[in-house]
Amino acid sequence: MGGVGEPGPQEGPAQPGAPLPIFCWEQIRAHDQPGDKWLVIERRVYDISRWEQRHPGGSRLIGHHGAEDATDAFRVFHQDLNFVRKFLQPLLIGELAPEEPSQDGPLNAQLVEDFRALHQAAEDMKLFDASPTFFAFLLGHILAMEVLAWLLIYLLGPGWVPSTLAAFILAISQAQSWCLQHDLGHASVFKKSRWNHVAQKFVMGQLKGFSAHWWNFRHFQHHAKPNIFHKDPDVTVAPFFLLGESSIEYGKKKRRYLPYNHQHLYFFLIGPPMLILVNFEVENLAYMLVCMQWADLLWAASFYARFFLSYLPFYGVPGVLFPRMPRHNYSRVAPLVKSLCAKHGLSYEVKPFLTALVDIVRSLKKSGDIWLDTYLHQ
């Protein structure tokens, strides 16, 4: 199979039929720098240094797995594995030494094996098969609510009562649209990825005014590295709020843009409007412009055009300025996940909305206290 070592500067990708170089994790860990990234998939070593920028899911998504075993992420994020493996072949440079574990670092090998068995069980139970009726009803009910909200204003006029009721209906419609585009973004509705992508552009663009590419860019990173700071954008909310490592980092550097020891209190004041309405809208628009996603920009423009054309005649100009497995199978896979967690001593929690909200506030207070303690004693 060849000796342990790295390919020479002129060797490049492994040649078909030639023995593959053998690598150990110590060598692989050295290749996790910008412009020099390796990763392991199914015990084979790939050099993604140049491919990283061409990766359809974005360079950050694949780059977050630099010098790691990315087997499970590879299997979960791609529907047609045989098709994707064709793109991997030119990047192949070697394989793990037989004595090396498949996973590097303090990972529980038995847990990984059990998770893969659970994933296979879910496939055997056809839990990844979507129900066309479920999603057709969901889309129909979203469109019906959009029409109903407009009819209320058309028939009853722009008074306080019909306006409030219409706003409530549109809020439900928007929330359901967000959930539907989430399902489409995970390619959990149609069997062909392209159909999912096209439908997601319609729901995200025409029904919400956002970029599907922008959401995928953020959300795929979240699922690849959930709750890992500097890799999961969903927990990178500084400088408005500090969580985990950022609390210590800001305390050591004496950064105090806001009174973070009170962030659990001002969360309700600036959290939803600042992060969701302002930050998401600005980031979404900037992403479309900087990344030149003109198709997404046109989809988003169609949302605002429809909104203004629908409600401008009633309110005038001043008056209209004012979230791969289909989710209907979550309850069926939950007992399997709960059993896996119990076997390995992992916490499995399902919380009501208000309980989860209380936990968020407590977490913010704890992180704020850590920041203040570090800030004062550093």
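In this predicted model, Tyr 154 lies in helix H6, which spans residues 132-156. Tyr 154 also belongs to a nonpolar patch on the surface, formed together with Val 147, Leu 151, Leu 155 and Leu 156. The combined accessible area of these residues is about 520 Å².

Helix H6 is also in contact with helix H7 (residues 160-185). Two packed helices are described by the angle between their axes and the distance between the axes. For H6 and H7, the axes come within 9 Å and cross at roughly 160°. Angles over 145 degrees count as roughly antiparallel, and H6 is therefore roughly antiparallel to H7. The crossing of the two helices is left-handed. Of the residues in the contact of H6 with H7, 17 are nonpolar, six are polar and two are charged.

A second helix pair consists of H10 (residues 245-252) and H14 (residues 353-377), with axes that come within 8 Å and cross at roughly 25°. Because angles under 35 degrees count as roughly parallel, H10 is described as roughly parallel to H14. The crossing of H10 and H14 is right-handed.

Salt bridges number 16 in the structure. One of them joins the side chains of Arg 85 and Glu 42, with an N to O distance of 2.8 Å. This pair links distant parts of the chain, the two residues being 43 residues apart. Arg 85 is located in helix H4 (residues 81-88), whereas Glu 42 is in the loop between strand E3 (36-41) and strand E4 (44-47).

Key:
Residues numbered from 1 in each chain as written. Predicted model: local features only at pLDDT ≥ 70, side-chain atom pairs only at ≥ 80, totals over all residues. Heavy atoms only, no water. Patch = residues over 30% accessible without salt bridge, like charges linked within 9 Å, V, L, I, M, F, W, Y side chains within 5 Å. Areas by Shrake-Rupley, 256 points an atom, 1.4 Å probe, with all protein chains shown as cover. Salt bridge = Lys/Arg side-chain N within 4 Å of Asp/Glu carboxyl O. Helix = DSSP H or I, 4+ residues; strand = E, 2+ residues; numbered from the N terminus. Axes fitted to C-alpha atoms, helices over the stretch in contact; angles between N-to-C directions. Parallel < 35°, antiparallel > 145°, perpendicular 65-115°, else oblique. Left-handed = near helix turned anticlockwise from the far one by under 90°. Nonpolar A, V, L, I, M, F, W, Y, C, P; charged D, E, K, R; others polar.
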